[in-house]
Amino acid sequence: MQALLSFDQAPPISVPLRFFLTAPLFAMLAGALLLWSGPDLFASRWTPEALALTHLITAGFMLQVMLGAMQQLLPVVAGANIARPRLIATLVHATITPGTLFLVAGFLTYQPWLFGCAVVFLGLGISIFVAATAFALHGVPANSPIILGLKLALAGLSVTVVFGLLLALALGWSFDLPLIQLANIHLGWGFVAWGCAALGAVGFVAVPMFQLTPDYPGWFGRSFAYSALGFVLLWTLAELAAWTMAASLLSVMVVLIAVVFALTTLRIQRRSKRVRPDPVQRFWQIAMFSALAACTLWLLARFSPLLEDWQGWPLLFGTLLLFGGFMSVIVGMLYKIVPFLVWLHLQHRGRGLLTAPNMKKVLAEVHISRQMVAHFTAFGLLVLASFWPQWFVYPAGLALMVANGWLLRNLLAAIQVYRGHLIKIEAVIASRQP
Amino acid sequence: MSKIREFMAGDHRRCDDIFAEVEVLVAEQDWVKAIAGFDIFQHAVLQHFSVEESLLFPAFEEQTGMRMGPTQVMRGEHAQMRELLEAARIALVAKDADDYSGNAETLLIMMQQHNMKEENVLYPMCDQHLSGQIDALLPKLETQIQATAE
């Protein structure tokens, strides 16, 4: 219970920001990779370039932001302060960043030492993060869906990474392992037990909070994270035990978990009390539609041999889920979190001396809206590229670089406001000293 | 037993509802009604703070001996929200929809993350530590908060 007694300030602003600023750089690299590899990337989901691209987005973009956001979120929602937040953030950031680069380089070259470095760095970074958060959460009762969801999502992340490291070792040293099966399990854990569970936990709070919608239904809060983790676990066991029929049935259940989340979110969003949807609400809406499209595609491919034969469907599925789904929500969340943190820290520093600029003065909505158009343009071009790679891969790569360069620019503009205002606060303090 | 949590969280939702109503009025540029609505909102929020600061927090501090703990953090955040409420009100009176929306957005997030800390951490602690005096305390909280709701 110690954590509860000391719940206090948010961690220093540099703790989450370093993760948030690194993420768009990885997405820009993903754009560059598309330009470099050209249409060949879309030949199959197993091309080295497709694997590299996937991990630039999942480990480079999604993981960075999610880890940064969790360090910010845990003290707020659970009163769970991570001890020595700056040190932990530095260690985690300084390991997962090169770790992801090693992994991507490993996919592109198949050099064992690169996979080895990726295993060491990513394994170390995630272990430090999981240990630090587990320690902070130790003894915090899971008395709300978000705390429960985040705890289970952490377990989901750990299993995802363990399977990922195993695969990296197997690829680097040509171990005789059932790679496709393990890759699917790694994917199931990453998308559903980590991604969906974490998003479900955060969405449970953030959607009603930012969009003034009714709450998610009670059954959702009680059972979503358990169901996500439970079905993925059962499916994994069935897969490993080669119970084909059960595995097939359970995999459908796993996908339906994501469908339930998307449909529930869209349903409560329809009843938002906000007059006009702000850009962040749009990011969420399109993300949920895109996730639904991804799940529908997956179910169709499962039952239609015609679709299953098409090499492009897994790439379209990945595009819908990663770029349209996860990335859209994450970008939207950054636009709430970063301006708020800037205001919060400035308000704290300038208390009574200088009023902090409100969120829309930190980052004007017009910049968010414009970047949103760039983001969805890139997404649309990526969808087209999975049908007609030879025509659309270059515009998609370029658009992805532009959209994420713009995201980075917007985030840096907010930080510029932060720095500028700090100088003003210091000047006021200096002028008051005799 | 989560009586305090349920009751106080219910009052948070009531404040959210009034906030949303004002937002609609501002979007319609119905300034007179918007200002009147905002007054009701500001009054409801301030009354909620005052009930906490004068009744709930002292009871918690008395019982646990924790005077510099969570209640102190909550008092600090109340002060931050009082400033934002005032900034939003000034913008509204000046009929500056953009400035209002910036302050209101900031207030909304500040308010929601504050509510989350209270509902997930502080209120459950109150329910736990004040279980012996809940029958006397809860009616007082209800009376004071209902005084604003009517």
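**Exercise 1. How many salt bridges are counted between chain A and chain B?**

Solution. Keep in mind that you're looking at a predicted model.

- Step 1: Start with the count, which comes to two salt bridges between chain A and chain B.
- Step 2: Pick out one of them. A:K336 pairs with B:E105, and their closest N and O atoms are 2.2 Å apart.
- Step 3: Place the partners. This pair crosses between chains, with A:K336 in helix α12 of chain A and B:E105 in helix α4 (residues 97-129) of chain B.
- Step 4: Check their surroundings. A:K336 and B:E105 are both buried.
- Step 5: Look for further links. A:D278, A:K336 and B:E105 are joined in a network of salt bridges.

**Exercise 2. Describe how chain A and chain B meet.**

Solution.

- Step 1: Count residues. On the chain A side, 31 residues are in contact with 34 residues of chain B.
- Step 2: Turn to area. Chain A and chain B bury about 3,100 Å² between them, and 63% of that is on carbon and sulfur atoms.
- Step 3: Add the polar part. There are eight residue pairs in polar contact between the two chains, both residues being at pLDDT 80 or more.
- Step 4: See which elements of chain A take part. Those giving two or more residues to the side touching chain B include α3 (48-78), α7 (179-211) and α12 (313-349).
- Step 5: Find the top contributor. That's α12(A), which gives six residues, the most on this side.
- Step 6: Sort by class. The side of chain A that touches chain B has 17 nonpolar, six polar and eight charged residues.

**Exercise 3. Work out what the aromatic pair of A:F283 and A:Y335 ties together.**

Solution.

- Step 1: Get the overall picture. The whole structure has 24 aromatic pairs over all chains.
- Step 2: Take the geometry. A:F283 and A:Y335 sit 6.2 Å apart, centre to centre, with 40 degrees between the planes, and the pair is tilted.
- Step 3: Locate the rings. A:F283 is in helix α10 (residues 279-303) of chain A and A:Y335 in helix α12 of chain A, so the pair ties together parts 52 residues apart in sequence.
- Step 4: Check exposure. Both A:F283 and A:Y335 are buried.
- Step 5: Set another pair beside it. The ring centres of A:F387 and A:W388 are 5.5 Å apart with planes at 40 degrees, so this pair is tilted. Here A:F387 is partly exposed at 40% relative accessibility, and A:W388 is partly exposed at 39%.

**Exercise 4. Is A:L400 buried or exposed, and which residues does A:L400 contact?**

Solution.

- Step 1: Find the residue. A:L400 belongs to helix α15 (residues 389-432) of chain A.
- Step 2: Apply the cut-off. Buried means under 20% relative accessible area. At 2%, A:L400 counts as buried.
- Step 3: List contacts, skipping neighbours within four places in sequence. A:L400 then touches A:A27, A:A30, A:G31, A:L34, A:F323, A:A378 and A:L382.
- Step 4: Compare sequence with space. A:L400 and A:A32 are 368 residues apart in sequence, yet 8.4 Å apart C-alpha to C-alpha.

**Exercise 5. Describe two salt bridges inside chain B.**

Solution.

- Step 1: Take B:D11 and B:R14, whose closest N and O atoms are 2.9 Å apart. Both lie in helix α1 (residues 3-27) of chain B, three residues apart, about one turn of the helix.
- Step 2: Check exposure. B:D11 is buried at 4% relative accessibility, while B:R14 is partly exposed at 23%.
- Step 3: Move on to B:R67 and B:E62, which meet in a salt bridge at 3.8 Å, N to O. B:R67 is partly exposed at 44%, and B:E62 is exposed at 59%.

Key
Residues are numbered from 1 along each chain as its sequence is written. Chains are lettered from A and ligands numbered from 1 in the order in which they are written. This is a predicted model: local features need pLDDT of at least 70, side-chain atom pairs count only at pLDDT 80 or more; totals for chains, interfaces and linings use all residues. Side-chain values use heavy atoms; hydrogens and water are left out. Contact means heavy atoms within 4.5 Å. Buried area is the accessible area (1.4 Å probe) that two parts lose on being put together, summed over both. A salt bridge is a side-chain nitrogen of Lys or Arg within 4 Å of a carboxyl oxygen of Asp or Glu. A polar contact is a pair of N or O atoms within 3.5 Å; within protein, one must be able to donate a hydrogen and the other to accept it, and residues adjacent in sequence count only if both atoms are side-chain atoms. Helices (H or I, at least four residues) and strands (E, at least two) are DSSP runs, numbered from the N terminus. Ala, Val, Leu, Ile, Met, Phe, Trp, Tyr, Cys and Pro count as nonpolar, Asp, Glu, Lys and Arg as charged, and the others, Gly among them, as polar. Rings of Phe, Tyr and Trp (its six-membered ring) pair if their centres lie within 6.5 Å; planes under 30 degrees apart count as stacked, over 60 as edge-to-face and the rest as tilted. Buried means under 20% relative accessible area, exposed over 50%, partly exposed in between (1.4 Å probe, protein chains only).
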